[in-house]
Structure formats: C-alpha cells, structure tokens
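Let's walk through this model together, starting from one side chain and working outwards to the charged pairs. Have the sequence and the 3D view open as you read.

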Amino acid sequence: MLLAIDSATQFLSLALHDGAAVRAEQTWFSQNMHTVQLAPAVRDMVQRADLSISDLTALAVSTGPGTYTGLRIGVALAKGIAAARSLPLIGIPTLDILASAQPHFQGGLIAIVQAGRGRIIAGTYQWRKGHWKGRGDPQLIDWETLIASIDGTAILTGEIDEMGRGAIAEAMARDIPISLAPAVLRLRRAGYLAEEAWTRLREPNEGFPAANVTPTYVRTKDIPS
C-alpha cells in the first residue's frame with residue numbers, strides 16, 4: 001500500500017493506492033494550516049481504510065516547486081515515515097502531477113502553481129509516447145509574460161486565480177489560441193501522484209531511499225536566508 005502526500009501549495013492532498021486501485025483520496029484548501037492538518041489527516045485516512053501505518057509499503061511526495069512551509073511539512077512527514085520503516089520514497093515534481101491528469105489533445109500543455117505577489121510557476125509540456133513530457137525547467141513568471149511567450153495552441157491547467165482567469169480571457173479575446181482546462185482537471189490530486197509513483201516503482205531502480213528526496217522551493221519572503 002502506497003501513501004501519497006502533496007502539500008506543495010495551499011492545497012493539501014492525500015491518497016492510498018494498492019498498486020491496482022486508489023483506495024482512498026482527499027484534497028482540500030488548507031489556508032496555510034498544513035502544520036495542524038496534515039498528520040491528523042494521514043492518520044484518519046489510514047484508519048478509515050481499515051489500515052495502519054505498518055501496512056504501508058511505499059510513500060510518494062510532491063517535491064515542488066512550491067512554498068517553503070508547505071513543502072517542508074509534507075516532505076518531512078513523508079521522509080520521517082519512510083526512514084523509520086525503511087520504505088521507498090518516490091519524489092514527484094508538483095507540475096508533473098498536474099500534467100498527468102490531463103488527457104491527450106493536439107497542442108501544448110502549461111501547468112501552473114501560484115508563487116504569490118502576482119507571480120506564478122509555469123511549466124510547459126508536450127505529448128510524447130503516451131504521456132506529457134516536460135519541456136525545460138519551470139519558470140517563475142507573471143501572467144503577462146507567460147501569455148506573451150505562448151507560440152501555439154495550448155491548454156492551461158493548475159492553480160489559476162482571478163488574475164489568471166482575467167489574463168486568459170483577455171488573451172482569448174485577442175484570438176491567442178489558448179484555453180483553460182476544466183476545473184476538475186485543474187485540481188492537483190494525490191491519486192495522480194500515487195499512480196505516477198507506482199509506475200516508477202515498477203521500473204528498475206536503486207530502492208528510492210528517503211534521504212535522496214529533496215524539495216524545490218519557490219523563492220519567496222518566507223524562505224529563511
């Protein structure tokens with residue numbers, strides 16, 4: 001049984017996956033309450049599934065980009081459980097989780113998480129060999145710059161705030177060939193994190209030691225110097 005934890009932004013998401021099916025999943029807006037909500041939520045989900053921590057055989061965690069506080073809490077909890085029980089821990093980039101939820105279509109995909117102060121983290125993806133593959137590194141950017149950089153048909157997914165929806169609507173009015181993914185596909189869900197982790201677990205690997213998992217932070221004022 002694999003436990004997946006995603007606390008990279010203000011959204012928290014958990015899932016239990018047995019390798020064949022998602023046994024439980026929960027996603028909610030935490031309002032920066034990660035410290036008090038995450039560990040009890042993990043305990044409650046495991047109990048509701050009629051399991052215990054000792055039934056876990058692997059863990060997965062979102063490694064960012066994301067906020068310092070959110071990532072620190074989720075990665076620390078996942079590493080703590082994995083290290084204490086000598087379980088594999090698979091780290092998956094946050095934007096890859098969003099991309100994995102999107103069906104195939106003709107054009108590019110742009111996955112987004114919020115970075116605060118009018119900024120976003122955006123990653124571009126292209127469909128290759130049956131799934132979305134990232135093109136280059138994620139970029140810390142603003143909406144105006146992102147829209148100006150789009151050079152073809154694209155769908156945007158992820159954390160799209162009011163500013164972003166306005167920018168997208170304005171771009172569409174100017175016949176820029178972009179559109180917004182449906183709300184249900186924009187929600188970052190730990191079930192997709194767990195599915196991707198199982199795929200990697202089935203491939204030849206070096207055991208996925210917890211010590212090798214490191215987070216990627218968004219550079220904001222809450223990161224200690």
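Is Ser 13 buried or exposed? Ser 13 is buried, because its relative accessible area is just 1%; buried here means under 20% relative accessible area, exposed means over 50%, and partly exposed is in between (1.4 Å probe, protein chains only). Before going on, bear in mind that this is a predicted model, where local features need pLDDT of at least 70 and side-chain atom pairs count only at pLDDT 80 or more, while totals for chains, interfaces and linings use all residues. Residues are numbered from 1 along each chain as its sequence is written, and side-chain values use heavy atoms, with hydrogens and water left out.

So where does Ser 13 sit? You'll find Ser 13 in strand E2, residues 11-17 (helices, H or I with at least four residues, and strands, E with at least two, are DSSP runs numbered from the N terminus). Its side chain has a polar contact of 2.6 Å with the side chain of Thr 27. For that term, read a pair of N or O atoms within 3.5 Å; within protein, one must be able to donate a hydrogen and the other to accept it, and residues adjacent in sequence count only if both atoms are side-chain atoms. A polar atom of the Ser 13 side chain also lies 3.4 Å from the backbone oxygen of Gln 26. Leaving aside neighbours within four places in sequence, the contacts of Ser 13 (heavy atoms within 4.5 Å) include Asp 6 and Arg 188.

Those two residues take us to the charged pairs. Asp 6 and Arg 188 form a salt bridge, with the closest N and O atoms 2.7 Å apart. The pair links distant parts of the chain, 182 residues apart: Asp 6 is in strand E1 (residues 2-6), and Arg 188 is in the loop between helix H6 (183-186) and helix H7 (190-201). Both partners are buried. A salt bridge here is a side-chain nitrogen of Lys or Arg within 4 Å of a carboxyl oxygen of Asp or Glu, and by this rule the count comes to six. Glu 159 joins Asp 6 and Arg 188 in a network of salt bridges.

Now look at helix H7. Glu 196 and Arg 200 are about one helical turn apart, because they are four residues apart in that helix, and their side chains meet in a salt bridge of 3.0 Å, N to O. Glu 196 is partly exposed at 26% relative accessibility, and Arg 200 is partly exposed at 25%.
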